[in-house]
Amino acid sequence: MKVYEHFAYLYVRGRYSRFSEKMAEILPMILEKFDARPHRILDVACGEGTFAVEMAKRGFQTVGVDISSEMLKFAKEKAKKENVDVKFICQDMRSLDFDEEFDLVTCWFDSLNYLLTIEDLEKTFAGIYRALKEKGLFIFDMNTRYGLAVGWSRYSCHIEQETEDILEIHQASYDFETDIATLRIIGFIRNGETWIRLDEEHKEKGYTLREIRERLRHVGFKELACWGNIKDMSEPQPDSRRVFFVVQK
């Protein structure tokens with residue numbers, strides 16, 4: 001089963017887009033810090049389009065890429081509703097097809113953790129590097145090993161959404177040998193007098209800061225910042241659940 005094939009329906013009705021909303025609010029502060037004035041933005045793993053649409057509303061030329069055609073359907077609907085022009089492309093982030101077209105590339109909400117091998121992570125970094133113009137910025141976040149092993153597994157089973165029409169249950173586990181977290185999503189959607197059940201399994205790989213930095217350097221990126229908290233731009237700590245990177249071509 002494809003990831004987000006059915007979960008897309010639950011995603012757009014949940015709280016997930018709040019992360020993208022926060023990143024849209026914080027981004028201007030980051031750009032100001034590094035004296036960056038991008039015009040054309042590529043949002044990798046754009047999902048249901050919240051961040052890409054918000055950037056378009058602020059006057060940026062925006063392109064969104066995602067592997068899930070189901071998520072992109074919602075993204076296109078959102079752009080149409082907000083009356084903005086965003087180009088959405090169904091494409092695997094491991095094989096991006098752009099050549100020095102963007103001033104800024106973003107990838108939010110631990111999307112890169114879905115790459116379960118270091119080789120796929122480097123392929124994605126390389127494609128993003130090619131997509132950027134000289135001196136362009138790549139800003140992204142990833143779940144840490146601590147975040148996946150402790151944060152995800154803190155509640156091995158919990159209810160994520162519960163309304164009159166939706167019930168979404170999460171079951172999380174972590175494999176310390178492979179550093180891969182598994183999130184089983186069980187959803188129930190009301191359909192008249194009956195309920196439809198949806199099941200998906202999501203896996204995320206935990207990488208060390210060293211591994212991420214080595215792959216970034218190998219493709220040519222220069223690290224400008226690494227934060228454990230993006231709001232106060234503080235250094236990562238051993239118990240940081242997420243890290244944010246700002247790198248430059």
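Which residue of β3 is the bridge partner of G64? In this predicted model, that partner is F88. Residue numbers start from 1 along each chain as its sequence is written, and hydrogens and water are left out, with side-chain values using heavy atoms. Because the model is predicted, local features need pLDDT of at least 70 and side-chain atom pairs count only at pLDDT 80 or more, whereas totals for chains, interfaces and linings use all residues.

The pair G64 and F88 offers a way into the sheet. Strand β2 (residues 61–66) runs parallel to β3, and five bridges link the two. Strands here are DSSP runs of E with at least two residues, helices are runs of H or I with at least four residues, and both are numbered from the N terminus. Two strands are taken as paired if DSSP finds at least two bridges between them. The wider arrangement is an open sheet of seven strands with mixed pairing, in the order β3-β2-β1-β4-β5-β11-β10. At its edges lie β3 (86–90) and β10 (222–227), each of which pairs on one side only. From one strand to the next, the twist averages 15°.

Two helices can be placed against this sheet. Helix α4 (residues 69–81) packs on the sheet and touches β2 and β3, with its direction at about 170° to that of β3. Helix α5 (residues 118–131) also packs on the sheet, where it touches β1 (40–44), β4 (102–107) and β5 (132–143), and its direction makes about 145° with that of β5. Such angles run from 0 to 180 degrees between N-to-C directions, the axes being lines fitted to C-alpha atoms, for helices over the stretch in contact. Contact means heavy atoms within 4.5 Å.

Attention now turns to a loop. D179 sits between β7 (166–175) and β8 (180–191). Its relative accessible area is 12%, so D179 is buried (under 20% is buried, over 50% exposed, and in between partly exposed, with a 1.4 Å probe and protein chains only). Beyond its neighbours within four places in sequence, D179 contacts R145, Y174, E204, K205 and G206. With R145, the side chain of D179 forms a polar contact of 3.1 Å (a pair of N or O atoms within 3.5 Å; within protein, one must be able to donate a hydrogen and the other to accept it, and residues adjacent in sequence count only if both atoms are side-chain atoms).

Finally, the cysteines. With a disulfide defined as a pair of cysteine sulfur atoms within 2.5 Å, the count is zero. For C46, the nearest cysteine sulfur is that of C90, 9.4 Å away. C46 is buried at 6% relative accessibility, while C90 is partly exposed at 48%.
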